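Visitor: I am new to this structure and would like a close look at a single part of it. Please take me through one sheet, strand by strand, and then show me how that part sits in the whole chain.

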Amino acid sequence: MDKNLIDSFPVDWEDDNYVTRREFLKFGTVASGAFAVGSVGIAAWGRARENGPSFEPRMIALTGDIEPGNALPFNFPREKDLALLIQKPDGEFVAYARRCTHLSCPVVYEAAQSRLFCPCHNGAFSVEDGSVLQGPPPHPIPQIEIEIRGDEIWAIGVKLHGGHA
Ligand code: FES
């Protein structure tokens with residue numbers, strides 16, 4: 001092969017292959033880490049369910065803070081757990097974890113479709129009970145149990161796959 005041509009492409013096939021493998025492993029490590037973090041969070045909720053409530057009920061909003069057909073983010077049961085308070089168009093309040101059960105992307109409330117939508121892989125959950133409507137999520141999205149106390153909305157527990165935490 002012409003030496004000038006070789007100098008124009010200083011990385012030979014072996015090095016190039018090595019870089020590709022290294023980059024691939026780096027991506028794999030990051031993806032595995034993200035999956036592990038999501039799994040640990042879901043496992044923590046699972047343990048909470050087995051061991052009974054291990055978190056305090058918390059006032060998350062006033063009824064006047066949200067309007068029908070809208071959602072308000074909050075954190076529950078731990079400060080780092082993302083959740084969504086939703087007031088359905090009929091006025092009923094419901095709340096769900098905000099992390100998709102597939103790979104933990106944050107879901108958004110879509111009132112017109114009565115669903116929580118995950119834009120990462122087009123997953124969707126019913127706003128009625130958290131069941132999977134479409135896409136790759138393997139489980140329903142956990143429901144946060146709420147209680148209306150006067151004009152205050154309290155998060156009091158987490159419901160997983162039909163059970164309670
Ligand atoms: S992360 Fe939600 S569908 Fe994949």
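Guide: Ser114 takes a positive phi near 50 degrees in the hairpin of strand 5 and strand 6, where four residues lie between the strands. This is a predicted model. The two strands of that hairpin, strand 5 and strand 6, run antiparallel and are joined by three bridges. One residue facing across is Val108, which stands opposite Phe117 in strand 6.

Phe117 also leads on to the next strand, since it stands opposite Ala124 in strand 7. Strand 6 and strand 7 pair over four bridges, in the antiparallel sense. Their hairpin has four residues between the strands, and here Asn122 takes a positive phi near 60 degrees.

The side chains of strand 6 alternate along its length. Leu116 and Cys118 point to one face and are buried, whereas Arg115 and Phe117 point to the other face and are not buried.

Strand 7, residues 123–126, pairs in turn with strand 8 over two bridges, again in the antiparallel sense. The bridge partner of Phe125 in strand 8 is Val132.

Put together, these four strands form an open sheet with the order 5-6-7-8 and antiparallel pairing. Strand 5 (108–110) and strand 8 (132–134) are at the edges with a single partner strand each, so one side of each has no neighbour in the sheet. On average, neighbouring strands of this sheet are turned by 35 degrees against each other, direction ignored.

Now for the surroundings. The largest nonpolar core has 26 residues, and those touching the most other members are Leu84, Ile86, Ala95, Tyr96, Leu116 and Ile144. Two or more residues come from each of strand 3 (82–87), strand 4 (93–97), strand 6 (115–118), strand 7, strand 9 (143–149) and strand 10 (152–159). Leu116, one of the core residues just named, is also one of the buried side chains of strand 6. Ile86, another of them, is in contact with Ala71, Val94, Ala95, Tyr109 and Val127, leaving aside its neighbours within four places in sequence.

As for the whole protein chain, its secondary structure comes to two helices and 10 strands. Along the sequence the pattern is α-α-β-β-β-β-β-β-β-β-β-β. Of the 165 residues in the chain, 23% are buried. Among contacts between residues at least 6 apart in sequence, 37% join residues at least 24 apart.

Technical notes: Residues are numbered from 1 along each chain as its sequence is written. This is a predicted model: local features need pLDDT of at least 70, side-chain atom pairs count only at pLDDT 80 or more; totals for chains, interfaces and linings use all residues. Two strands pair if DSSP finds at least two bridges between them. Axes are lines fitted to C-alpha atoms, for helices over the stretch in contact, and angles run from 0 to 180 degrees between N-to-C directions. A residue is buried if 20 or more other C-beta atoms lie within 10 Å of its own, exposed if 12 or fewer, and partly exposed in between; C-beta atoms are placed from the backbone. Two residues are in contact if their C-beta atoms, placed from the backbone, lie within 7 Å. A nonpolar core is a set of buried Ala, Val, Leu, Ile, Met, Phe, Trp, Tyr and Cys residues joined through C-beta atoms within 7 Å.
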